[in-house]
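Open your viewer and get ready to click along. We will start with the whole chain and then stop at a few places inside.

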Amino acid sequence: MLGRVISSSRRLLVPALLTVAFAAVGCSSSVPVAAPAPEGDSARQCRALQKELPRTVDGLERGTADPVSDFTAVWGDPAVRLRCGVRKPAVLTPGSEHYNPGADAAEVNGVDWLFEKQDDGYRFTTVLRKTYVEVLVPGKYAPEVDVLTDLSAAVRTTVPAGV
């Protein structure tokens with residue numbers, strides 16, 4: 001009798017598990033993003049930012065970062081990637097081989113962003129804020145700076161100005 005119960009349970013369980021697995025694969029995919037590990041005030045600011053981030057940026061829907069973290073977010077495919085609590089950019093660090101005191105920056109909706117051309121798109125990093133927030137935008141979304149319009153309000157309200 002026990003063999004029959006297990007056997008019939010398996011017949012019901014396997015199709016159910018396959019359905020869930022296919023639904024998960026078909027409906028969402030995660031995007032690999034290296035999660036920073038901020039501490040103290042920076043970690044608190046990043047968690048607050050996470051709660052304020054918009055559902056869409058530049059018309060791109062929010063996805064799931066891998067690993068899921070309070071310090072990362074993604075939108076679209078290819079993904080716009082946000083990381084909060086990153087290190088100070090090398091171009092702003094005296095003594096770094098990449099130091100560039102004349103690095104390019106622009107203000108977008110009350111937040112100053114450093115911008116660095118990448119092989120495919122731009123890396124934007126907040127400056128003059130207590131915690132550094134980095135946004136990588138693929139070239140597919142040119143002009144890449146447009147995503148900052150949707151992100152700046154959340155940064156401005158959760159990451160205090162200052163150095």
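What percentage of the 163 residues of the chain count as buried? The figure is 34%, where buried means under 20% relative accessible area, exposed over 50%, and partly exposed in between (1.4 Å probe, protein chains only). Before you click further, note that this is a predicted model: local features need pLDDT of at least 70, side-chain atom pairs count only at pLDDT 80 or more, and totals for chains, interfaces and linings use all residues. Residues are numbered from 1 along each chain as its sequence is written, and side-chain values use heavy atoms, with hydrogens and water left out.

**Stop 1: the whole chain.** Switch to cartoon view and you should find three helices and 10 strands. These are DSSP runs numbered from the N terminus: helices are H or I with at least four residues, strands are E with at least two. Following the sequence, you meet them in the order α-β-α-β-β-β-β-β-β-β-β-β-α.

**Stop 2: the largest core.** Select L49, L53, W75, V80, L82, W113 and V135, the residues with the most contacts inside the largest nonpolar core, which has 26 residues. Such a core is a set of buried Ala, Val, Leu, Ile, Met, Phe, Trp, Tyr and Cys residues joined through side-chain atoms within 4.5 Å. Now colour the elements that give two or more residues to this core: α2 (40-52), β5, β6 (80-86), β8 (111-118), β10 (132-137) and α3 (146-158). Of these, α3 gives the most, with five residues. Next, centre on L53: leaving out residues up to four places away in sequence, L53 touches R62, A73, W75, L82, L151 and A154 (contact means heavy atoms within 4.5 Å). Another core lies apart from the largest one; its five residues include V31, A65, V74 and A79.

**Stop 3: the rings.** Show F115, Y122 and F124 as sticks, as ring pairs link them into a cluster. Rings of Phe, Tyr and Trp (its six-membered ring) pair if their centres lie within 6.5 Å; planes under 30 degrees apart count as stacked, over 60 as edge-to-face and the rest as tilted. Y122 and F124 are stacked, at 5.8 Å centre to centre with 20° between the planes. Y122 counts as partly exposed because its relative accessibility is 24%, whereas F124, at 3%, counts as buried.

**Stop 4: a serine in a loop.** Finish at S69, in the loop between β4 (64-66) and β5 (72-75). S69 has 16% relative accessibility, so S69 counts as buried. A polar atom of the S69 side chain lies 2.9 Å from the backbone nitrogen of F71. Beyond its neighbours within four places in sequence, S69 is in contact with A35 and Q50.

Technical notes. A polar contact is a pair of N or O atoms within 3.5 Å; within protein, one must be able to donate a hydrogen and the other to accept it, and residues adjacent in sequence count only if both atoms are side-chain atoms.
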